[in-house]
Amino acid sequence: MAGKAKTNTEDYLRMFTQMVRIRSFEDNANQLYLSAKMPGLTHMYSGEEAVAVGICEALKTSDKITSTHRGHGHCVAKGAEFKQMFCELLGKEEGYCRGKGGSMHIADQSNGNLGANAIVGGSMGIATGAALTAKLQDRDDVTVCFFGDGATAQGLMYEVMNMAALWKLPVIYACENNGSSEYTKTEEIAAGSITARAEAFGIEAFQVDGQDVLAVNELATKLVERSRKGEGPFFIELMTYRYHGHHVGDINREYYRAKEEETLWKTERDPILRFRGWLVEQGIASEEDLESLQAKIKTDAEEAVKYALEAKYPDTSEVDMHVYAA
């Protein structure tokens with residue numbers, strides 16, 4: 001693990017808590033799908049928790065993020081609550097989008113989450129626009145744009161990075177490189193260096209271990225501070241791994257990645273296990289304390305699922321609510 005133990009134990013325990021909350025949310029979301037209680041597909045974030053938490057812990061509530069089809073982790077890390085999230089996944093009116101967004105379009109404006117996007121790279125323009133808004137309104141807000149390695153093949157990315165570089169916008173492009181672009185290894189579809197693509201526009205680019213929450217947070221904190229001073233934009237490639245398939249129905253994956261590879265990442269590179277071991281080693285928390293904390297979060301998630309299953313659906317009169325036409 002990068003970093004040294006500090007006196008602020010609360011920060012470390014909050015990061016650990018948030019990572020466990022993401023994992024617990026995903027475990028339950030997966031079960032909702034497998035039991036046919038949740039409509040539509042969903043894409044698990046399990047294994048990538050240190051990316052979302054490490055970055056979002058460096059942000060203020062007023063700072064903005066844009067998310068992806070694999071967006072539950074970003075939503076939780078930015079401050080979302082279990083009940084409203086599960087209600088959204090189940091199409092209930094208490095969901096963040098009144099049940100109309102679902103898994104791939106969840107948004108939480110109260111915490112600066114401008115929304116997930118089912119289009120690969122689709123939120124890059126939204127993030128860059130949010131950063132432009134902050135600059136024009138003379139606010140010190142920063143926007144983080146999360147996207148996967150597959151999105152680096154989208155032309156929109158190069159259009160917005162060019163604009164962001166020219167106008168020195170306070171935006172951080174966070175590429176979550178989990179090694180797989182849907183059902184294909186990243187190395188088979190991405191030629192050259194991913195960070196070099198940002199550097200071509202004069203944007204400072206960094207690569208970091210996405211399984212090390214302290215390393216991610218240390219880098220993100222520095223870049224967020226620099227962005228507030230007008231030194232942006234920036235680009236981060238975060239080397240991480242998704243434990244599940246591209247989506248919950250992607251079960252037989254051996255044709256594009258071996259089971260041994262998955263086992264290796266889960267046992268030796270798991271971000272939660274690594275951080276938990278570091279917390280114990282540094283004397284910040286005991287095994288018993290962390291075990292108790294994880295058990296409480298597991299219970300909280302299960303209770304939120306039960307609540308959401310029993311919650312009301314939106315009334316049919318809402319069918320055209322929030323639908324706009326020019």
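## Surface and overall build

How much accessible surface does the protein chain have, and what share of it belongs to carbon and sulfur atoms? The surface comes to about 14,600 Å², and carbon and sulfur atoms account for 52% of that area. Please keep in mind as you look around that this is a predicted model.

Turning to the fold, the protein chain contains 11 helices and seven strands. Its radius of gyration is 19 Å, close to the 20 Å that the globule rule gives for 326 residues, so the chain is as compact as a globular protein of that length. If you line the C-alpha trace up along its principal axes, it spans about 60 × 50 × 45 Å.

## Inside the chain

Of the 326 residues in the protein chain, 52% are buried. Contacts tell a story too: among those with a separation of 6 or more, 74% join residues that are 24 or more positions apart.

## Charges and their partners

The protein chain carries 35 positive and 49 negative side chains. The centres of these two sets lie 2 Å apart. Side chains of opposite charge can pair when their charged atoms come close. Here the count comes to 26 salt bridges.

Let us visit a few of them. Arg139 and Asp141 meet through their side chains, with 3.0 Å from N to O. Arg139 counts as partly exposed because its relative accessibility is 33%, whereas Asp141, at 7%, counts as buried. In another pair, Arg253 and Glu262 form a salt bridge at 2.7 Å, N to O, and both of these residues are buried. There is also a network of salt bridges, which links Glu93, Arg98, Lys100, Lys312 and Glu318.

## A link between distant parts

Which residue forms a salt bridge with Asp209? The partner is Arg269, and the closest N and O atoms of the pair are 3.1 Å apart. This salt bridge connects distant parts of the chain: Asp209 belongs to strand β6 (residues 204-209), while Arg269 sits in the loop between α9 (259-268) and α10 (271-281), 60 residues apart. Asp209 is partly exposed, at 25% relative accessibility, and Arg269 is also partly exposed, with a relative accessible area of 25%.

## Helix α4 and its cover

Is helix α4 largely enclosed or largely open? Six of the eight residues in this helix (residues 82-89) are buried, so α4 is largely enclosed by the rest of the structure. The buried residues are Phe82, Met85, Phe86, Cys87, Glu88 and Leu89. Their cover includes α1 (9-34), α3 (72-77) and α11 (287-310). Just after α4 comes Gly91, which takes a positive phi of about 75°.

## The surroundings of Cys175

For a last stop, find Cys175 in strand β3 (residues 171-177). Its relative accessible area is 0%, so Cys175 counts as buried.

What is Cys175 in contact with, once neighbours within four places in sequence are left aside? The contacts are Phe147, Gly148, Asp149, Thr152, Ile194, Phe235, Ile236, Glu237 and Leu238. You can also look for Cys145: Cys175 and Cys145 are 30 residues apart in sequence, and their C-alpha atoms are 8.2 Å apart in space.

Definitions and conventions:
Residues are numbered from 1 along each chain as its sequence is written. This is a predicted model: local features need pLDDT of at least 70, side-chain atom pairs count only at pLDDT 80 or more; totals for chains, interfaces and linings use all residues. Side-chain values use heavy atoms; hydrogens and water are left out. Helices (H or I, at least four residues) and strands (E, at least two) are DSSP runs, numbered from the N terminus. The radius of gyration is taken over C-alpha atoms; the globule rule is 2.2 Å times the number of residues to the power 0.38. Buried means under 20% relative accessible area, exposed over 50%, partly exposed in between (1.4 Å probe, protein chains only). Contact means heavy atoms within 4.5 Å. Accessible areas come from the Shrake-Rupley method with a 1.4 Å probe; for residues, only the protein chains shown count as cover. Lys and Arg count as positive and Asp and Glu as negative; His and the chain ends are not counted. The place of a charge is taken as NZ of Lys, CZ of Arg, CG of Asp or CD of Glu. A salt bridge is a side-chain nitrogen of Lys or Arg within 4 Å of a carboxyl oxygen of Asp or Glu.
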